[in-house]
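User: Hi! I'd like to learn how to read aromatic rings in a protein model. Can we go through this one together?

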Amino acid sequence: MDELLVSGVTVGCVYAIIALSFAPAFSSSSIVNFGQGELVMLGAMVGAVLVGPAGLPYFVAIGPVVVVTMTASVLMYLLVIREIRRRGGSVISQILGTLAAGILIRVAVSFLFGQQARRLPAPFSEHPAQLGPLTIPTQSVVIVAGTVLVLVAMWLVYTKTLFGLTIRATALRRDVAQLVGIDVHRLTAVTFLVGGALAGIAGMLYGPLVNATPWSGLQFALWGFVALIIGGLGSWWGPVLAGVILGVAEAIAKARLGSGYGESVTIVLMLAFLYLRPTGLMGAPDVVRHGA
Amino acid sequence: MMRQLPTAAREWTVVGVTVALLALVPLAVATFWIQLLALTGILAIVTMGFNLTFGVAGQINLAIGGFFAVGAYASALLTTKASWPIGYAALAGLGIAGTLAYLVAWPTSRLRGLYVAMATLALQLGITAFLVHTEPITNGPVGVFGVKRPVVGGFRFATEQSYYYLILVVATAVFLVMRALLRSRTGRAYEAIREDEDAARSLGIRTALYKVSAFVVGALCASLAGSLYAHFNRFVSPESFDVVRSIQILTMAVVGGLGSNVGAVVGAAVVVLLPEYLIGLLPEGAPNVGLYQSLIFGALMLLVLIFAPGGIAGLGRRLWRRLGQLRRGRPPSAPGSPAGSPDLSDAARRSG
């Protein structure tokens, strides 16, 4: 049971970061990036290549990985979303555009690195930490610490900086934000950079725990999005809490029912929430009523 | 100037001539292309249903490949393992697909846009997982072999040609039913919901009921096509119905032009035949052929979304209008004039 809890919380933290990586672009452009999962996959794959065959130290590799995912993310905005929007395409067209761009990322990764599964070597050899009665694998410590760092950093940026204020203002009323002189297009580009960076970090953190293939992206996106739905769009702590609940529930289902049932729990939980409480645990009711 | 037939008569003529031409095709091409055209017909049925759900009523269903699987597996399993007659097996598939769609659509009918997208994506992954993991029922990753070609009134659709004609007949029937549905009061209600759900509701349209029905009709089309597919391919396995299939159907609808019934058929043809043609240009034994297919889906969808938001149907309408203006000797109108084409460019902005 203790082990399940530890692995559940660990995986849940990753879900939470993926969920939060949707947030910046969503708040500035009301686009849910269906390519976000592919960005996480890109991060995990590039990281696996850099740390494995190329032999870069794990913590050094985070730099180039994040640069790659940020670049891919901002290109998605500049070449796809902005182009569709400029020609009068609807929000749905833009979202479909991110889906198509995600397919192209998957194809590019397959051609570059092959389709075989890759696992990122963990930064520390196994010296599990001992916390009272709990034995905690080192990568769990890295993941939880990384998640806390990311959360604190994002919270600081959102609440304490002018940049955070402009994002929140744009999320609230895009047109008014434009009126008061916010360059919404540049801001949106920057939020895609932030979302890309978070995706890259999520890929680096999760890479040592999974065998990533070019096809892992949709799964990553789904986990993140389920955490986002259960936690509530527009909330900070909701997705984190939801991610952890989801991770633990999945770990228990896999242990008790068999490895094929992890997904089923995710799906049932998500449908239950959509049905009973579409605003999620902590979401503002507003978000659902107006559609997204 | 040529004497003009009334619009309705002209449309029936176009439909009739097209079907007649499609009926002549098997006489002229190799079996390989007949098989591809048969597959096109099957996927066109799915896409017409998907177009009704998404293009017309604005409810995305990313589990469409899963509903396709329901029909295919119902037909394959019931005819091989339980020796049911083919018709009953297909009906059972329709029953299961309809019930499943209904069960999923009620909770999601309260939701909009991307929530529906994610809920149905989850369902798709769930159906794939079910097909792979419940081996006692579905044979797991191995799939179901030995599905037989149907026999109707003593005639067995054994050859590819004969089965092609069966598909042509069913696809034409679905096309005509969809066409009638889109022009009915129900079709207009769907469009109203897509354009502005709140306004539609305020006009007294029971939005939840219509959203559910659009979803169910799309699922039924997919299941029917799935049954046709199982007997055509004589083998089903989970790979044929994974999330890539859903994305393929979505690509077909987008490329053809969301909201257009004709577009759904044209889109299916382009998305099946174009990759096949392009992959044929690759050198013999080239690796990663499947990847090129994904590449073409992605690139095609992006190009259409950016440069031709109305899809092929939208381009066709523009061309038609230009031709009409030229024939009447009027200069073509300035670009950017109100086009009035029912593509989604303005439609789903609010419901996004």
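Analyst: Sure, let's start with a group: A:Tyr15, A:Tyr206, A:Phe220 and A:Trp223 make up one aromatic cluster. Keep in mind that this is a predicted model, where local features need pLDDT of at least 70, side-chain atom pairs count only at pLDDT 80 or more, and totals for chains, interfaces and linings use all residues. Residues are numbered from 1 along each chain as its sequence is written, chains are lettered from A and ligands numbered from 1 in the order in which they are written, and side-chain values use heavy atoms, with hydrogens and water left out.

User: What makes two rings pair?

Analyst: Rings of Phe, Tyr and Trp (its six-membered ring) pair if their centres lie within 6.5 Å; planes under 30 degrees apart are stacked, over 60 edge-to-face, and the rest tilted. By this rule there are 21 aromatic pairs over all chains. One of them is A:Tyr58 with A:Phe59, edge-to-face at 5.1 Å centre to centre and 80 degrees between the planes.

User: Is A:Tyr58 buried or exposed?

Analyst: Buried means under 20% relative accessible area, exposed over 50%, partly exposed in between (1.4 Å probe, protein chains only). A:Tyr58 has 5%, so it is buried, while A:Phe59 is partly exposed at 49%.

User: Which ring does B:Arg179 lie over?

Analyst: A charge sits over a ring if NZ of Lys or CZ of Arg is within 6 Å of the ring centre and within 35 degrees of the ring normal. B:Arg179 lies over the face of B:Trp12, 4.9 Å from the ring centre. Likewise, the charged end of B:Arg245 is over the ring of B:Tyr229, at 5.9 Å from its centre.
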